[in-house]
Amino acid sequence: MAKGASKSVAEVLEDQEEMSPVNTDELEHVLYKAERRVLKIQTKLHRWANDDPHQRFDDLFNLVADPAFLLVAWDRVRGNKGARTAGVDGATAASIEVRQGVGQFLDELRCQIKDRSFRPLPARVWVASEGVWFARVWVSTSLARLVWFRW
C-alpha cells in the first residue's frame, strides 16, 4: 500500500480478525481507533482555522471519503433515533447490517464518493393530518444520512 493511502473499512476489520484469535470487541476497537483519528484531525483543522482565518482547506474531499470518518458517521447514524426509521430506499441501519454488512456498505459508499458518482435520492415529504393539523416529515436514505452526518 502506498504511503498515505488508507485502508478500506473491510480491510481494517479483516486485519483485526487476523490479529485476534477470539473475535471479541473487534468492532469496538476499530471504532475507538477511528474516533481518535477523526477527533485528532478535527482538532488540527480547528486549530489551523483559528490561527489563520483566511486559511484554505483544499483537501477536505479526501476526509469525506476517509474510512475512519465514514465509520464514525455510521456509528452516529446507527445510534440516533432515526436509525429505526426506513428511508425512501426502505433500509434501516439494522437491515443494512444484516443484509449487506457494515464493511461492504461503507466501502461501496466510499467508492461512490471517490469517483463522484454518489447522488442521494430525493427525500420524500409525508403529510399526516390530525384534524386540521399537518406535519411535513423529510425521510432521506440511510446512505444520505451517513454522508450528511460525517462531521
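**Salt bridges, core and cavity**

Reader: How far apart are the closest N and O atoms in the salt bridge that arginine 78 forms with aspartate 75?

Author: This is a predicted model, in which local features need pLDDT of at least 70, side-chain atom pairs count only at pLDDT 80 or more, and totals for chains, interfaces and linings use all residues. Residues are numbered from 1 along each chain as its sequence is written, and side-chain values use heavy atoms, with hydrogens and water left out. Arginine 78 and aspartate 75 form a salt bridge (a side-chain nitrogen of Lys or Arg within 4 Å of a carboxyl oxygen of Asp or Glu), and the closest N and O atoms are apart by 2.5 Å.

Reader: In which helix do arginine 78 and aspartate 75 lie?

Author: Helices are DSSP runs of H or I with at least four residues, numbered from the N terminus. Because arginine 78 and aspartate 75 are three residues apart, about one helical turn separates them, and both belong to helix 4.

Reader: Which residues are linked with Arg78 in a network of salt bridges?

Author: The side chain of arginine 78 also meets that of glutamate 97 in a salt bridge (3.5 Å, N to O). This second pair joins distant parts of the chain, 19 residues apart, with glutamate 97 in helix 5 and arginine 78 in helix 4. The network that includes Arg78 is completed by Asp75 and Glu97.

Reader: Is aspartate 66, the salt-bridge partner of arginine 37, buried or exposed?

Author: The closest N and O atoms of arginine 37 and aspartate 66 are 2.6 Å apart. Arginine 37 lies in helix 2, and aspartate 66 lies in the loop between helix 3 and helix 4. Arginine 37 has a relative accessible area of 38% and is therefore partly exposed (buried is under 20%, exposed over 50%, partly exposed in between, with a 1.4 Å probe and protein chains only). At a relative accessible area of 6%, aspartate 66 is buried.

Reader: Which element gives the largest share of the lining of the largest cavity?

Author: The largest cavity (on a 1 Å grid over the protein atoms alone, a set of points where a 1.4 Å probe fits but cannot get out, lining residues having an atom within 4 Å of a point) is lined by Leu27, Leu31, Leu71, Trp74, Asp75, Arg78 and Val102. Two elements, helix 2 (26-51) and helix 4 (67-79), each give two or more residues to this lining. The largest share, four residues, comes from helix 4.

How values were computed: On a 1 Å grid over the protein atoms alone, a cavity is a set of points where a 1.4 Å probe fits but cannot get out, and a pocket is an open set with protein on both sides within 12 Å along at least five of seven lines; lining residues have an atom within 4 Å of a point.
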